[in-house]
Structure formats: C-alpha cells, structure tokens
Amino acid sequence: MENFLPRFRNREAWLRLLRLPNLLTVPGDILAGFLLVPRALVTPGDWAQLLLAIPAGLLLYAAGLILNDLFDYAVDLRDRPQRPLPSGKVYRESAAAGALVFLWIAAFLAAFFDALSVAIPLILCIILYDTGLKRIAYVGPALMGACRAGNLLLGAAAAYEGVPTAPAPVAAAIGLGLYIAVVTHLARNETRPGARFTPAYIARLLRLLIPIQALLCVAAIHRFPANLLGLALLPLLRVHRRWAARFPPS
C-alpha cells in the first residue's frame, strides 16, 4: 500500500496520461453545441444543464484517453516505454479504475439533463475505438470523428430532451467530426521516423480546434449576446501551446 499511493499520486504522470492540453479543446465543443440550438428551445434553466454537460464531456474525453493507453500497453511497452503506464509511473489497475469512474460519472451527469441518448452512443464509440477499431484504416478516424461530433451534440442536448435535431448543431457536429477524422488519419504514423506529419504538427492541428469552436459559437448570432462567449475560448490557445511543450498531446 505504501508503494501504491505515491504512484497513484504522481500528478505529472497522470497529466501526461490525460494529455492535459487536449482537454482544453473539449469545453468549446459543448459551448458551441449549446449556443447553436435555436433560441426558442432554450430556457434559463438550460444554462445550469450546460454546467453539467461541460464536466460530462471532459470526463468522457479523459476516459477515452486512459482506455487508449490501456489497450495500447503492449505497443507502448515496446515503442514508447517512457509513457506513464509502461514506465510504471501510473499503475494499470489505477488507470482502469479511473477510466471506469469517469465513464460512470459522465453518464450520471448526462442523465440529469436527459442526454443519455447522446452519451451512451458516445461511450460506445469511445470503447469501440480504443479496443481495436482505431487500427482499421478509415474506420478508426471515422469513430474518432464521431466521438468529437457526439461531444458537440452533448452540449446541444443540454437544451433538448433527447437527440438534438436542429440543423445548426447537427451541421456543426458533422463538420467538426470530419475535421477530427482527417487529423486522426494524418496522425496514424506520426511517431514513425521520417513521418511527414509529426506529433508537433498534429498538436497544431488539434490546437486549431479552439478558434474553430470560437467561430462556431460566434456564428450563433441568433443567441446574441451569449454567442460572444465563444471569444472567451481564444485565450486557451496560449495555454494549450504552453502545456503542449510539457505534456505531449499525442
């Protein structure tokens, strides 16, 4: 037990496992989805539900990152032994427990704003991707794109009962999902020697998500002045750049 606690409390290793910079790209999905919902469908109480949707999205994303490393353990042990799990800085048992708890809490939060119809398919996409389908050309990137699209729809669901069907959030989800699918496809060989699309390049493409999300928010002019909240996402660009230097986002 004495040896377990220090490893469980290795904060820097956990932040590397969670790819801290990538978490900064999650709240913008939720906010954009919420703001793109038609004004007539939004009530003052929905803003409280938005405050549940943001942590739900963050927890789902974090769980997906942990599961990704858990199922890639054998590969990382051979090719990337410095990663938190193969290096032993984070126990696999602790990581698995953390991922399961994150998924459970996220589903619990989603149930509070009637978004399980979005959260459950999103969880399924995360599990399918991490358990092996990510290695299949085109299928893996498509699943990752679906995860990002689902995250945006989770925000829209904060103002809906059930799956969002309004054209604006659905179109934004499809567009964002396609972008991430392309980035995921480009990142498939990022760690190989001589790779054209290096981890640093992929990090820049991921960072570009933040201004894209801000643009989607501002484009929701029917929600003025709330749509201007999207501008609050832009300072995250500098934070992402600084954190990416310490905690590799790939």
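A nonpolar core is a set of buried Ala, Val, Leu, Ile, Met, Phe, Trp, Tyr and Cys residues joined through side-chain atoms within 4.5 Å. Keep that handy for the exercises below, and remember that this is a predicted model.

**Exercise 1. Find the residues of the largest nonpolar core that touch the most other members, and the helix that gives the largest share.**

Step 1. The largest nonpolar core has 74 residues, and L60, I66, F113 and L154 touch the most other members.

Step 2. Now look for the main contributor: helix α5 (residues 46-71) supplies the largest share of this core, 11 residues.

Step 3. Zoom in on F113. Skipping residues up to four places away in sequence, F113 touches Q49, L52, A53, L154, A157, A158 and Y160.

Step 4. For background, nonpolar side chains tend to be buried together in soluble globular proteins.

**Exercise 2. Work out how helices α11 and α12 are oriented to each other, and which residues make their contact.**

Step 1. Start with the axes. Those of α11 (residues 199-207) and α12 (residues 209-219) come within 4 Å and cross at roughly 15 degrees.

Step 2. Angles under 35 degrees count as roughly parallel, so α11 and α12 are roughly parallel to each other.

Step 3. On the α11 side, the contact is made by L205, L206 and R207, while α12 brings L209, I210 and P211.

Step 4. Sort these residues by type, and you get 5 nonpolar, no polar and 1 charged.

Step 5. Check what is buried in α11: I202, A203, L205, L206 and R207. These buried residues pack against α3 (20-23), α10 (167-186), α12 and α13.

**Exercise 3. Decide whether A244 is buried or exposed, and list its contacts beyond four places in sequence.**

Step 1. Locate A244 first: it sits in helix α13 (residues 236-246).

Step 2. The cut-off for buried is under 20% relative accessible area. A244 has 16% relative accessibility, so A244 counts as buried.

Step 3. Leaving out neighbours within four places in sequence, A244 is in contact with P21, R207 and P249.

Step 4. Compare chain and space: A244 and R19 are 225 residues apart along the chain, yet their C-alpha atoms are separated by 8.4 Å.

**Exercise 4. Find out how many disulfides the structure holds, and check C125.**

Step 1. The count is 0 disulfides.

Step 2. For C125, the nearest cysteine sulfur belongs to C147 and is 5.1 Å away. A disulfide needs sulfur atoms within 2.5 Å, and C125 is in no disulfide.

Step 3. Use the burial cut-off again. C125, at 18% relative accessibility, counts as buried, and C217, at 0%, counts as buried too.

Methods
Residues are numbered from 1 along each chain as its sequence is written. This is a predicted model: local features need pLDDT of at least 70, side-chain atom pairs count only at pLDDT 80 or more; totals for chains, interfaces and linings use all residues. Side-chain values use heavy atoms; hydrogens and water are left out. Axes are lines fitted to C-alpha atoms, for helices over the stretch in contact, and angles run from 0 to 180 degrees between N-to-C directions. Helices (H or I, at least four residues) and strands (E, at least two) are DSSP runs, numbered from the N terminus. Angles under 35 degrees count as roughly parallel, over 145 as roughly antiparallel, 65 to 115 as roughly perpendicular and the rest as oblique. Contact means heavy atoms within 4.5 Å. Ala, Val, Leu, Ile, Met, Phe, Trp, Tyr, Cys and Pro count as nonpolar, Asp, Glu, Lys and Arg as charged, and the others, Gly among them, as polar. Buried means under 20% relative accessible area, exposed over 50%, partly exposed in between (1.4 Å probe, protein chains only).
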